[in-house]
Amino acid sequence: MRSPQKIELMEKIISLCKRRGFIFPSSEIYGGFGSGYDYGPLGVELKQNIKKAWWKEMIYKHENIVGLDSSILMNPQVWRASGHLKAGFSDLLVECKKCHKRFKGDEVKNVCPECGGKLTQPRKFNLMMKTFVGPVEKESSLIYLRAETAQGIYVNFKNVLNSMRLKVPFGIAQIGKAFRNEINPKNFIYRTREFEQMEMEWFCHPKDASKFFDYWKKERIKWYQKLGIKKEHLRIKEIPKDDLPHYAKEGADIEYKFPFGWGELEAIHNRGDWDLSNHSRFSGQDLSYLDPETKERYFPYIVETSAGVDRSLLAFLSEAYQEIKGARTKTTKPTKEVEIVLSLNKDLAPIKIAVLPLVRNKKELVKKAKEIYQTLKIFFRCQYDEVGSIGRRYRRQDEIGTLFAVTVDFETLQKEDVTVRDRDTMEQERVKIKDLVEFFKKKLED
Ligand code: ATP
């Protein structure tokens, strides 16, 4: 049972997302659309920053991992070979005989959680989304929207191997949209029908696969922690042999303690040679690997790390959301009000620096502040704000996780310096305008 506080926290996060331009319901003016969400101006920045941090971690940090951007629409044979069109990629569907709501069979017992009505017997429901190519909607033009980005990587294994002159072990990483006809989308952006994945497929010798499976579990947990998620909010759930998906030899989920309870953030699997051997069989192309030194020929095993961009974003937001009682801002009078601070990691915060003239009815201050903004925005993601009292503006910036506020006041005009306020410590220090770029570079770069 979810506690009211947990539901309340989730609602507060959803409300903040809407109010501050992070996430909006899709097609809202038409009453929304299923589980769809649109990322607003700040949400898209946050999402890009998460993807950038992952890309940097996986690709730039490892000399033997390369990137790929494969297409969403693929030859339907891919999904036959992968097993997605079979029962393996299905959920159990049950329907309430009274209110006709549908649920995932493994999430409910015999009665409808909504109205108490009786449920139908579970039946298998394939999650692949279908569409047609070309002008005629016939069986032979039926194709699927990809349900994971990974298949685009497997079918390009030889292309990447040969063009980049790689040697096993190596990895191919990709970020992109995936689609699943989920029976019961829920918990905001946690489970939707259209979502984004960050997947890395690690090709290795079969004897090393278990070792790499353990290695990648550790590495991936570290990544979330590095970006601000507390250790106690993360856990590894090893998947028992009997519950493993059809393609896997070993599996584990990295779970996060979301406001609604523990939930999967990322899946790590040792997929054995399932993918390369099946694609070889179905395509008639030999996808085995010849070791140039030992001359051994084999199908590399694949260890996969598969993370959700949207789920990561929800985890980072949930972790960062803080309510602080009483005014934090020195310029406002003491108050019992609650201030919201989004303490996002520096690499993730959508806006790094806000530039604020102390008041907006003094032309010289506004002019100076705009000049500073123009200089800083070349180097960092900045926002200029002159509307409302300075205290309100600080609070507005805290609520969206802005790391620093630069305030241009009357002293600035005499001394050519500004106040820099730190979101987390709320320390304020005077910095010369000419030193600002270097000052922030030091603070923001690794
Ligand atoms: P779940 O059990 O929660 O349905 P899954 O085990 O089917 O997830 P995987 O197939 O392992 O998920 O996909 C890898 C990752 O992709 C997940 O850990 C998750 O972050 C993301 N993901 C999968 N399905 C969805 C979805 N419907 N909405 C948002 N993200 C998803």
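**Figure 1. Helix α10, a helix with plenty of buried residues.** In this predicted model, let's start with a helix and ask which of its residues are tucked away. In α10, the buried residues are I390, G391, R393, Y394, Q397, D398 and E399. Why can we call α10 largely enclosed by the rest of the structure? The helix runs over residues 390-399, and 7 of its 10 residues are buried, so the rest of the structure largely encloses it. Keep following the chain just past α10 and you meet G401, which has a positive phi of about 85°.

**Figure 2. K368 and its contacts in helix α9.** K368 sits in helix α9. Is K368 buried or exposed? Its relative accessible area is 16%, and buried means under 20%, so K368 counts as buried. Which residues does K368 touch once you set aside its neighbours within four places in sequence? The contacts are with V408, T412, L413, E416 and I433. Hold on to the name E416, since the next close-up is about that residue.

**Figure 3. E416, a residue with a positive phi that is not a glycine.** You can find E416 in the loop that links α11 (410-415) to β22 (417-422). Its phi is positive, at about 55°, although E416 is not a glycine. How does E416 rate for exposure? With a relative accessible area of 37%, E416 is partly exposed. As in the previous view, E416 is also one of the residues in contact with K368.

**Figure 4. N361 in the loop before helix α9.** This loop lies between β19 (353-357) and α9 (363-376), and N361 is part of it. Buried or exposed, what would you guess for N361? N361 is exposed: its relative accessible area is 63%, and the cut-off for exposed is over 50%. Now look across to E386, which is 25 residues away from N361 along the chain. How far apart are the C-alpha atoms of N361 and E386? They are separated by 9.5 Å.

**Figure 5. The loop between α5 and β9, with R165 and a cis peptide bond.** Two residues to pick out here are R165 and P169. R165 belongs to the loop between α5 and β9, and P169 is found in that loop too, with α5 spanning 157-164 and β9 spanning 170-179. What is special about the peptide bond from V168 to P169? That bond is cis, and its omega is near 5°. R165 has its own quirk: its phi is near 50°, which is a positive value in a residue other than glycine. R165 also counts as exposed, with 75% relative accessibility.

**Figure 6. The ligand and the residues around it.** There are 15 residues around the ligand, and the ones that come nearest are E182, R191, T192, E264 and L265. Where do polar atoms of the protein and the ligand pair up? In the side chain of R191, an N or O atom is 2.6 Å from an oxygen atom of the ligand. T192 uses its backbone instead: a polar backbone atom there is 2.8 Å from a nitrogen atom of the ligand. For E264, a polar side-chain atom lies 2.6 Å from an oxygen atom of the ligand. How much of the ligand does the protein cover? On its own, the ligand has 590 Å² of accessible area, and the protein covers 84% of that.

**Figure 7. What the shell around the ligand is made of.** Three strands, β10 (194-204), β13 (261-270) and β16 (301-308), each put at least two residues into the shell. Which strand gives the most? β13 does, with 4 residues. Sorted by class, the shell has 6 charged, 5 nonpolar and 4 polar residues.

**Figure 8. Zooming out to the two domains.** The chain is divided into domain 1 (7-89 + 127-317) and domain 2 (351-445). Taken over C-alpha atoms, the domain centres are 39 Å apart. How many residues are in contact between the domains? On the domain 1 side there are 7, and they are in contact with 6 residues of domain 2. Across the chain you can count 12 helices and 23 strands, and 52% of the 446 residues count as buried.

Definitions and conventions. Residues are numbered from 1 along each chain as its sequence is written. This is a predicted model: local features need pLDDT of at least 70, side-chain atom pairs count only at pLDDT 80 or more; totals for chains, interfaces and linings use all residues. Side-chain values use heavy atoms; hydrogens and water are left out. A residue is near a molecule or strand if one of its heavy atoms lies within 4 Å of it. A polar contact is a pair of N or O atoms within 3.5 Å; within protein, one must be able to donate a hydrogen and the other to accept it, and residues adjacent in sequence count only if both atoms are side-chain atoms. Accessible areas come from the Shrake-Rupley method with a 1.4 Å probe; for residues, only the protein chains shown count as cover. Ala, Val, Leu, Ile, Met, Phe, Trp, Tyr, Cys and Pro count as nonpolar, Asp, Glu, Lys and Arg as charged, and the others, Gly among them, as polar. Buried means under 20% relative accessible area, exposed over 50%, partly exposed in between (1.4 Å probe, protein chains only). Domain bounds come from an automatic or database domain assignment. Contact means heavy atoms within 4.5 Å.
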